[in-house]
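Hi,

Here is the structure I promised to pass on. Have a look at it first, and my notes on what turned up follow right below.

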Amino acid sequence: MKVKNKTPLEQTETYMHEFVQNTERVKSVDLHPSEPWILLGLYSGTISIWNYQTKCEEKSLKVSESPVRSAKFIPRENWIVAATDDKYIRVYNYDKMEKIVEFEEHKDYIRSLAVHPFLPYVVSASDDQVLKVWNWKEGWSCVENFEGHSHYVMQVAFNPQDPSTFASASLDGTLKIWSLDSSVPKFTLEGHKKGVNCVDYSIINSKQYIFSGSDDYTAKVWDYQSRNCLQTLEGHENNVTAICAHPELPIIITASEDSTVKIWDAVTYRLQTTLNFGLERVWTIGYKKGSSQLVFGCDKGFVIVKVNLVAAK
């Protein structure tokens, strides 16, 4: 399937469905930076690695009777880290799919994990309203707790421009920006009318932005320096579950429980196109630097979409 759309820059973006696969409900996707692998975290309690070149499942492991809400590669250690509703974080060697360690310190479901780009840290976000930083060089000890949200913490994301800081999204309706060296938030962004499910960073034309998606059916674009909301993206007909700015292309991607993905121009914020994969609710977006591929995890499976940017004739 191809969808073409004109942008204000008179370019045509083509969205090609490269690979559609029916699976259990997918709550998490992650792309390996060098191998042709997609890591899935499934609601059934399984983690699975699919090869998107051969279109085959290479490895699968049942890690819990509870849903896996977040699973990430840690490529420099050949690991997978997974978080589940039984409040455990588990780490596996992805070559042999052998468990390395498991530990439980959160008091409720763990919604999200973020891996630091170069330090031995993983941040976890939980329904217990707390974020925790774990140091795997110190036996996966918890080195800091971050408290300040008043409802479930749905997602956490490191700032790629300054990885000593990270952002959290919460059902209390706020985004909070934190520093690794302080348990007190640096600042809070408020503006959504309902809970915030997702957060991502981007740099566009040398300026840094934060993106958020909410149960108020909207996404917002925030200026990181001024802390002002620059734009509200309206059009979804249900909760916005995931958001990202493509690292290679000038687009913002939002996913929703309305079963659609919307592509927005990252400069003008105009809606470019709407995609519906027929896989029901869309929960998660995966991407990686150097690739024009996007992966979407849905109720009924996952899909890989390749974005081609060409000059319009």
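Arg 69 counts as buried, at 12% relative accessibility. This is a predicted model, by the way, so please read everything below in that light. Asp 85 is buried as well, with a relative accessible area of 9%. The two side chains meet in a salt bridge, 2.6 Å from N to O. That pair links distant parts of the chain: Arg 69 belongs to strand β7 (residues 68-74), while Asp 85 is in the loop between β8 (79-84) and β9 (88-93), 16 residues apart.

There are ten salt bridges in the count, so let me walk you through some others.

Arg 111 forms one with Asp 127, and here the closest N and O atoms are 2.7 Å apart. Arg 111 sits in strand β11 (residues 110-115) and Asp 127 in the loop between β12 (121-126) and β13 (130-135), so this pair ties together parts that are 16 residues apart in sequence. Both Arg 111 and Asp 127 are buried.

Then there is Lys 207, whose side chain meets that of Asp 223 in a salt bridge (2.7 Å, N to O). Lys 207 is in strand β20 (residues 207-214) and Asp 223 in strand β21 (residues 219-223), so parts of the chain 16 residues apart in sequence are tied together by this pair. How much is each partner covered? Lys 207 is partly exposed, with a relative accessible area of 41%, whereas Asp 223 is buried, at 6%.

Arg 25, Glu 257, Arg 281 and Asp 299 are worth finding in the viewer too: salt bridges link them in a network.

Now the cysteines. How many disulfides does a search of the whole structure find? The search comes back with zero. Take Cys 244 as an example: its closest cysteine sulfur is the one in Cys 198, and at 9.7 Å that is too far for a bond. For a disulfide, the two sulfur atoms would have to be within 2.5 Å. Cys 244 counts as buried, at 1% relative accessibility, and its place is in strand β23 (residues 240-245). Leaving aside neighbours within four places in sequence, Cys 244 is in contact with Asp 200, Ile 251, Ile 252, Ile 253, Ile 285 and Tyr 287. If you want a feel for distances across the model, Cys 244 and Arg 76 are 24 Å apart in space, C-alpha to C-alpha, and 168 residues apart in sequence. Another cysteine, Cys 56, is partly exposed, with a relative accessible area of 41%.

On to the chain as a whole. Which kinds of secondary structure does the protein chain have? It comes to 29 strands and zero helices. The radius of gyration is 18 Å, close to the 20 Å that the globule rule gives for 313 residues, so the chain is as compact as a globular protein of that length. Along the principal axes, the C-alpha atoms fill a box of roughly 55 × 45 × 30 Å. Of the 313 residues, 59% are buried. The chain exposes about 12900 Å², and carbon and sulfur atoms supply 42% of that. Looking at contacts with a separation of 6 or more, 41% of them are between residues 24 or more positions apart.

The UniProt entry, which is unreviewed, has an annotation "repeat: WD" covering residues 103-135, 146-188, 189-232 and 233-274. I looked at two of these spans in the model. Residues 103-135 are 0% helix and 61% strand, with the end C-alpha atoms 13 Å apart. Residues 233-274 are 0% helix and 55% strand, and their end C-alpha atoms lie 13 Å apart.

Last, a couple of backbone details. Lys 55 is a residue other than glycine with a positive phi, near 60°. You'll find Lys 55 in the loop between β5 (46-51) and β6 (56-62), partly exposed with a relative accessible area of 41%. Met 97 also has a positive phi, near 55°, and is found in the loop between β9 and β10 (98-104). Is Met 97 buried or exposed? Met 97 is buried, with a relative accessible area of 13%.

Happy browsing!

Key
Residues numbered from 1 in each chain as written. Predicted model: local features only at pLDDT ≥ 70, side-chain atom pairs only at ≥ 80, totals over all residues. Heavy atoms only, no water. Buried < 20%, exposed > 50% of the residue type's maximum accessible area, 1.4 Å probe, protein only. UniProt positions renumbered as here; feature names shortened; annotations may be inferred. Helix = DSSP H or I, 4+ residues; strand = E, 2+ residues; numbered from the N terminus. Rg over C-alpha atoms; globule rule 2.2 N^0.38 Å. Contact = heavy atoms within 4.5 Å. Areas by Shrake-Rupley, 256 points an atom, 1.4 Å probe, with all protein chains shown as cover. Salt bridge = Lys/Arg side-chain N within 4 Å of Asp/Glu carboxyl O.
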